[in-house]
Amino acid sequence: MPGGELPVADGHAVIPTINRLLDTRFRHAFATQDWHPPGHSSFASTHTNRQPNDAIPLPYGLQVLWPDHAIQGSPNAELHPDLDSHRIELIIRKGWRPELDSYSAFLENDRLTSTGLKGWLADRGARRLFLCGLAADFCVAWSAEDAVRAGFETFVIEDATRAIGMPRPDGGTSTEEARDRLQALGVTLLQSGDLL
Ligand code: ZN
């Protein structure tokens with residue numbers, strides 16, 4: 001959130017939209033929460049001579065480094081206080097293993113370690129998933145990708161997301177790259193007004 005440790009520009013603007021969505025037609029709702037121990041491997045400060053936004057090889061692949069954020073139990077790890085959480089049945093905490101980051105709500109960044117969300121959704125009979133939140137080009141995109149691969153009909157509510165928009169070597173941004181990737185996978189991009 002703006003003013004926080006890992007701000008996404010205009011990130012707070014998604015909250016009223018998400019609250020309206022939560023108050024409408026969805027049968028079940030879950031959230032995710034970054035929950036990192038101090039010295040987490042995704043923090044630039046953990047590595048010598050590294051800056052946020054650098055990418056380094058870790059045993060499971062290339063990992064982008066971030067400012068220290070969402071330390072377990074700290075106020076900055078809390079969900080936004082204005083988020084209407086009474087409909088949220090489950091909060092998946094991710095990134096709690098010191099050596100492994102997690103963007104997706106389904107699989108940690110080694111793309112193997114499950115968060116348990118797929119089983120929870122299956123037990124509740126979910127077939128369609130609508131995703132929103134921060135950041136569109138990282139945690140939301142990776143979650144949508146895994147949701148499709150797990151067999152869910154997957155939607156991203158674009159005006160209920162905001163992106164980091166990291167520059168890419170080819171001149172594009174992570175936002176455009178993520179959008180293209182999701183559309184190629186069959187994720188439906190829609191607006192909250194299509195649902196409200
Ligand atoms: Zn994180």
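Okay, let's start with Ser102, which sits in the loop between β4 and α2, the helix at 117-123. Keep in mind that what you see up there is a predicted model.

So, is Ser102 buried or exposed? It counts as buried, at 1% relative accessibility. Its side chain reaches out to a backbone oxygen, the one on Ser104, at 3.3 Å. And if you skip everything up to four places away in sequence, Ser102 touches Asp34, Lys94, Gly95, Leu107, Glu108, Asn109 and Thr115. Hold on to Asp34 from that list, since it takes us to the metal.

Here's the zinc site. Which residues supply the protein donors? They are Asp34 through OD, His36 through NE2 and His69 through NE2, and they lie 1.9 to 2.1 Å from the zinc ion. Written as a sequence pattern, the spacing of the donor residues is D-x1-H-x32-H. Asp34 and His69 are 35 residues apart, so to speak, and the pair links distant parts of the chain: Asp34 is in strand β1, residues 30-34, and His69 is in the loop between β3 (61-64) and β4 (90-94). The two ends of that pair sit in different accessibility classes: Asp34 counts as partly exposed, at 21% relative accessibility, whereas His69 is buried at 6%. For Asp34, the class follows because the buried label needs a value under 20%.

Okay, cysteines. How many disulfides does the model have? The count comes to zero. Take Cys132: the closest cysteine sulfur belongs to Cys139, and it is 13 Å away, which is too far for a bond. The cut-off for a disulfide is a pair of sulfur atoms within 2.5 Å. Looking from the other end, Cys139 is in no disulfide either, with the sulfur of Cys132 as its nearest cysteine sulfur at 13 Å. As for accessibility, Cys132 is partly exposed, with a relative accessible area of 29%, and Cys139 is buried, with 16%.

Next, the helices, beginning with α1, residues 14-22. That helix is mostly covered, with seven of its nine residues buried. Which ones are buried? Val14, Ile15, Thr17, Ile18, Asn19, Leu21 and Leu22. What covers these buried residues includes two strands, β5 at 128-134 and β6 at 153-162.

Helix α2 gives us Lys118. Lys118 is partly exposed, with a relative accessible area of 47%. Leaving out residues up to four places away in sequence, Lys118 touches Phe106, Ala150 and Phe152. If you want a distance to check on your own copy, the C-alpha atoms of Lys118 and Ala136 are separated by 20 Å, and those two residues are 18 apart along the chain.

Then there's the α3 and α4 pair. Helix α3 covers residues 136-149 and helix α4 covers residues 174-185. Their axes come within 10 Å and cross at roughly 10°. How should we describe that arrangement? Angles under 35 degrees count as roughly parallel, and α3 and α4 are therefore roughly parallel to each other. On the α3 side, the residues that meet α4 are Asp137, Phe138, Ala141, Trp142, Ala144, Glu145, Val148 and Arg149. On the α4 side they meet Ser174, Thr175, Ala178, Arg181, Leu182 and Leu185.

Last topic, and one for anybody who looks at backbone torsions. Most residues other than glycine have a negative phi, and most peptide bonds are trans. With that in mind, here are three places to look at.

One is a peptide bond. Leu134 and Ala135 are joined by a cis peptide bond, with omega at about -15°. Ala135 is placed in the loop between β5 and α3.

The other two are about phi. Asn49 has a phi near 55°, a positive value in a residue that isn't glycine. Where is Asn49? In the loop between β1 and β2, where β2 is residues 55-58. Asn49 is exposed, with a relative accessible area of 73%.

Then Arg111, again not a glycine, has a positive phi of about 60°. Arg111 is found in the loop between β4 and α2, and Ser102 from the beginning of this talk lies in that loop too. Arg111 is partly exposed, with a relative accessible area of 30%.

That's what I had. To go back over the main stops: a zinc ion with Asp34, His36 and His69 as its protein donors, zero disulfides, α3 and α4 roughly parallel, and a cis bond between Leu134 and Ala135.

Terms used:
Residues numbered from 1 in each chain as written. Predicted model: local features only at pLDDT ≥ 70, side-chain atom pairs only at ≥ 80, totals over all residues. Heavy atoms only, no water. Donors = N, O, S within 2.8 Å, 3.2 Å for Na, K, Ca; no water. Helix = DSSP H or I, 4+ residues; strand = E, 2+ residues; numbered from the N terminus. Buried < 20%, exposed > 50% of the residue type's maximum accessible area, 1.4 Å probe, protein only. Polar contact = N/O pair within 3.5 Å; in protein donor to acceptor, adjacent residues only side chain to side chain. Contact = heavy atoms within 4.5 Å. Axes fitted to C-alpha atoms, helices over the stretch in contact; angles between N-to-C directions. Parallel < 35°, antiparallel > 145°, perpendicular 65-115°, else oblique.
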